[in-house]
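Me: Could you zoom in on the strand part of this model for me? Start there, then work outwards to whatever sits around it, and keep it chatty.

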Amino acid sequence: GDCCPISLTPLEELEYEPFGLRGTDGGDDLGHDGLWGAEAVAAHLASRPVHWFDGKYLACSIVSKGQLLDPMSMRPLVRQECKS
C-alpha cells in the first residue's frame, strides 16, 4: 500500500487518519484546506491527486525546514492548509 513519504510508515498502519495535501496548484475544486476526515475520503473516492502524509511527521518536517512547502511537489502551502 501507500506510505508516508517522510516517515515511510504504511498509511494503513497509522494510529490516526493520514493528512492530505492537494497534488495540484488549486485549479480543481479541492479548495485550500488540508484533507482529512470526510474531505479526505471524498478526494480518495474521486481519485483526485492528493499527497498523503503522517500528519505528525509532515508538521515536524515543515517546521524543521522552515519552508512552508508540500514536500512532494515543492508547491508553496497556503494559509488554510497550514491552519488545517
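Reply:
**The strand pair and its surroundings**

S1 and S2 run antiparallel, and 4 bridges join them. Bear in mind as you look that this is a predicted model. Two of the bridge partnerships are worth picking out on screen. Phe19 in S1 is partnered with Phe53 in S2, while Leu21 has His51 as its partner in S2.

Now for the faces. On S1, the side chains split into two directions: Phe19 and Leu21 go one way, Gly20 and Arg22 go the other, and all of them are buried. S2, residues 50-53, is covered on both faces as well. Val50 and Trp52 are buried on one side of S2, with His51 and Phe53 buried on the other. So both strands carry buried residues in both directions, by the under 20% cut-off for relative accessible area. For background, buried residues make up 31% of the 84 residues in the chain.

To see where the pair fits, step back for a moment. The chain has 3 helices and 2 strands, and they come in the order β-α-β-α-α along the sequence. Of the contacts with a separation of 6 or more, 55% are between residues 24 or more positions apart.

Between S1 (19-22) and helix H1 (38-45) there is a loop, and Gly34 sits in that loop. Is Gly34 buried or exposed? Gly34 counts as buried because its relative accessible area is 4%, against a cut-off of under 20%. Its contacts beyond four places in sequence take you back to the strand: Phe19 and Gly20 are both touched by Gly34. Gly34 also touches Glu39, Gln80, Glu81 and Ser84. As for S2, the C-alpha atoms of Gly34 and Val50 are 9.8 Å apart, with their positions 16 residues apart in sequence.

Next, come at S2 from the segment before S1, where you'll find Leu11. Leu11 is buried too, because its relative accessible area is 14%, under the 20% limit. Leaving out residues within four places, Leu11 is in contact with Trp52 and Phe53, and also with Pro18, Asp2, Cys3 and Cys4. Leu11 and Trp52 lie 41 residues apart along the chain, yet their C-alpha atoms are separated by 8.0 Å.

Leu11 and Trp52 turn up together again in the lining of the largest pocket, alongside Asp2, Glu17, Pro18, Ala40, Val41 and His44. That pocket holds about 180 Å³ of space. Which element gives the most to the lining? That would be H1, with 3 residues. By class, the lining has 5 nonpolar residues, 1 polar and 2 charged. On the outside, the accessible surface of the whole chain is about 5,300 Å², and carbon and sulfur atoms hold 55% of that.

The same segment before S1 has a backbone oddity to check. Leu8 lies in that segment, and its phi is positive, about 65 degrees, although Leu8 is not a glycine. Most residues other than glycine have a negative phi, so it's worth a glance. Leu8 counts as exposed because its relative accessibility is 59%, over the 50% cut-off.

Met74 also has a positive phi of about 65 degrees, and it isn't a glycine either. This one belongs to the loop between helix H2 (55-65) and helix H3 (79-83). At 48% relative accessibility, Met74 counts as partly exposed.

While you're over at the helices, have a look at Ile62, which lies in H2. Ile62 is buried because its relative accessibility is 14%, under the 20% cut-off. Apart from residues up to four places away, Ile62 touches Gln67, Leu68, Leu69 and Leu77. Ile62 and Cys82 are 20 residues apart along the chain, with 9.7 Å between their C-alpha atoms.

To bring it back to the strands: if you only have time for two views, I'd go for Phe19, bridged to Phe53 and touched by Gly34, and then Trp52, which touches Leu11 and helps line the largest pocket.

Note on methods. Residues numbered from 1 in each chain as written. Predicted model: local features only at pLDDT ≥ 70, side-chain atom pairs only at ≥ 80, totals over all residues. Heavy atoms only, no water. Buried < 20%, exposed > 50% of the residue type's maximum accessible area, 1.4 Å probe, protein only. Contact = heavy atoms within 4.5 Å. Areas by Shrake-Rupley, 256 points an atom, 1.4 Å probe, with all protein chains shown as cover. 1 Å grid on protein atoms, 1.4 Å probe; cavity = no way out; pocket = protein on both sides within 12 Å on 5 of 7 lines; lining within 4 Å. Points joined across faces, edges and corners; volume = space filled by probe spheres on them. Nonpolar A, V, L, I, M, F, W, Y, C, P; charged D, E, K, R; others polar. Pairing = 2+ DSSP bridges.
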